[in-house]
Amino acid sequence: MTDSKAPSKRPRKAASPAKAGDAQEGAARESAAHASVAQESGAGGSGQTGTADSGVQGGAPKLSPREAAVEALMRLAAEQPWNDIEVSDIAREAGLTLAELRDLFPSKGAVLGGLTRIIDRKVLEGDLTGLEEEPTRERLFDVLMRRLDAMEPYKPALRRIAYALRGEPLSMLALNGVMLNSHRYMLAAAGIDTEGSLGQLKLQGVVIAFARVTQVWLDDDDPALARTMARLDKEIRNGERIMERAEDVRRLTAPLRAIGRSFLDRRPRDRRSRDGDGDESDSAAAI
């Protein structure tokens, strides 16, 4: 099985030794004063200590209204059936009015679609240093495992949502549109292009593969995620074989495609179909 390249942990810098005498005593007094200020700021709910772990001790940073709505939906979905959740419940849980929620999302499904942007950002903002030096398979494995790690806090909610949507093909189709946009960036993070004649095939293939991996992940309670990683490795290898065959077919059919393009070029321009790339929140609104 392909091993995942876990991001290396950066060692903390060692503290410099304290000076003797008055300097040491003064440093101790100054440290105590800073601790007192930090404690008072934390009690007020708006202070920031400026240290590396201020987000933990000083309280979590305030969420944007969009993020608050997504987090509210995830809390509700972890506790009650998906079909019992109303938009009014989401607004109340997020501390928003219905008018404010409506300005942000057209439906409950669109709020769920907003989770993908949060997950995307967590993955893309991670330290990907050195990833470009790995083989393509390793890069994709690493990026998709990072995505699962980012999804971990929402696992109870996603498990219930996945069960509820399993029998709703229209919702699954809408969710597929959202995931196509999301995984376009995952492939980009792995250094895999999604343009060209085979780009869309790569993109749809990784969406289907990751959906299969996610089903295993939702039932995998092993902290090491052995079953999940084995399935991901299998899906990536299967995808490689499919792309190799597709590349062979593309080369063999190149003359026929050239004839087809020359025929289409002679058609009137106003009869050609226009491209359309719908917003992902609109696609998710159907969920």
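In this predicted model, helices α9 and α10 pack against each other at an angle of about 105 degrees, and their axes sit 9 Å apart. The two helices are therefore roughly perpendicular, since angles of 65 to 115 degrees are put in that class. On the α9 side, the contact is built from Asn 176, Met 179, Leu 180, His 183, Arg 184 and Leu 187, while α10 brings in Gln 200, Lys 202, Leu 203, Gln 204, Val 206, Val 207 and Phe 210. Sorted by class, that makes 7 nonpolar, 4 polar and 2 charged residues.

Asn 176 gives a good view of this crossing from the α9 side. The residue belongs to helix α9, and once neighbours within four places in sequence are set aside, its contacts are with Gln 204 and Val 207. Both of these partners are listed among the α10 residues of the helix pair. Asn 176 and Val 207 are separated by 31 residues along the chain, yet their C-alpha atoms are 7.4 Å apart. Elsewhere on α9 there is Ser 171. Ser 171 has 4% relative accessibility and so counts as buried, the limit being under 20%. The side chain of Ser 171 also makes a polar contact of 2.9 Å with the side chain of Glu 168.

Stepping back to the whole chain, the fold is built from helices, 13 of them, with 0 strands. Read along the sequence, the pattern is thus one α after another. Of the 287 residues, 34% count as buried. Contacts between distant parts of the chain are well represented: taking the contacts with a separation of 6 or more, 71% link residues 24 or more positions apart.

Then there is the core. In soluble globular proteins, nonpolar side chains tend to be buried together. Here the largest nonpolar core holds 56 residues, and Leu 73, Met 74 and Leu 140 have the most contacts inside it. Eight stretches of helix each put in at least two residues: α3 (65–77), α4 (87–94), α6 (108–124), α7 (136–151), α8 (155–165), α9 (169–189), α10 (199–218) and α11 (226–252). Both members of the α9 and α10 pair are thus on the list of contributors.

Leu 73 touches Trp 82, Ile 85, Ile 90, Lys 108, Val 111 and Leu 112, leaving out residues up to four places away in sequence. Leu 140, in helix α7, is buried, with a relative accessible area of 11%. With the same sequence neighbours left out, Leu 140 touches Leu 187, Ala 190, Ile 192, Val 206 and Ile 236. Two of these partners, Leu 187 and Val 206, also take part in the contact of α9 with α10. The C-alpha atoms of Leu 140 and Ala 190 are 5.2 Å apart, although 50 residues separate the two in sequence.

Met 74 comes up again from the side of Ala 157, a residue of helix α8. Beyond residues up to four places away, Ala 157 touches Met 74, Ala 77 and Ala 78. Ala 157 is at 2% relative accessibility, so it counts as buried. Trp 82, one of the residues touched by Leu 73, is 75 residues from Ala 157 in sequence and 9.0 Å from it in space, C-alpha to C-alpha.

Two loop leucines round out the picture. Leu 131 is in the loop between α6 and α7 and is buried, with a relative accessible area of 7%. Apart from neighbours within four places in sequence, Leu 131 is in contact with Arg 139, Asp 142, Val 143 and Ala 189. Of these, Asp 142 is 11 residues from Leu 131 in sequence and 8.3 Å away in space, C-alpha to C-alpha. The other leucine, Leu 225, lies in the loop between α10 and α11 and is likewise buried, at a relative accessible area of 10%. Most residues other than glycine have a negative phi. Leu 225 departs from that habit, with a positive phi of about 55 degrees although it is not a glycine.

How values were computed
Residues are numbered from 1 along each chain as its sequence is written. This is a predicted model: local features need pLDDT of at least 70, side-chain atom pairs count only at pLDDT 80 or more; totals for chains, interfaces and linings use all residues. Side-chain values use heavy atoms; hydrogens and water are left out. A nonpolar core is a set of buried Ala, Val, Leu, Ile, Met, Phe, Trp, Tyr and Cys residues joined through side-chain atoms within 4.5 Å. Buried means under 20% relative accessible area, exposed over 50%, partly exposed in between (1.4 Å probe, protein chains only). Helices (H or I, at least four residues) and strands (E, at least two) are DSSP runs, numbered from the N terminus. Contact means heavy atoms within 4.5 Å. A polar contact is a pair of N or O atoms within 3.5 Å; within protein, one must be able to donate a hydrogen and the other to accept it, and residues adjacent in sequence count only if both atoms are side-chain atoms. Axes are lines fitted to C-alpha atoms, for helices over the stretch in contact, and angles run from 0 to 180 degrees between N-to-C directions. Angles under 35 degrees count as roughly parallel, over 145 as roughly antiparallel, 65 to 115 as roughly perpendicular and the rest as oblique. Ala, Val, Leu, Ile, Met, Phe, Trp, Tyr, Cys and Pro count as nonpolar, Asp, Glu, Lys and Arg as charged, and the others, Gly among them, as polar.
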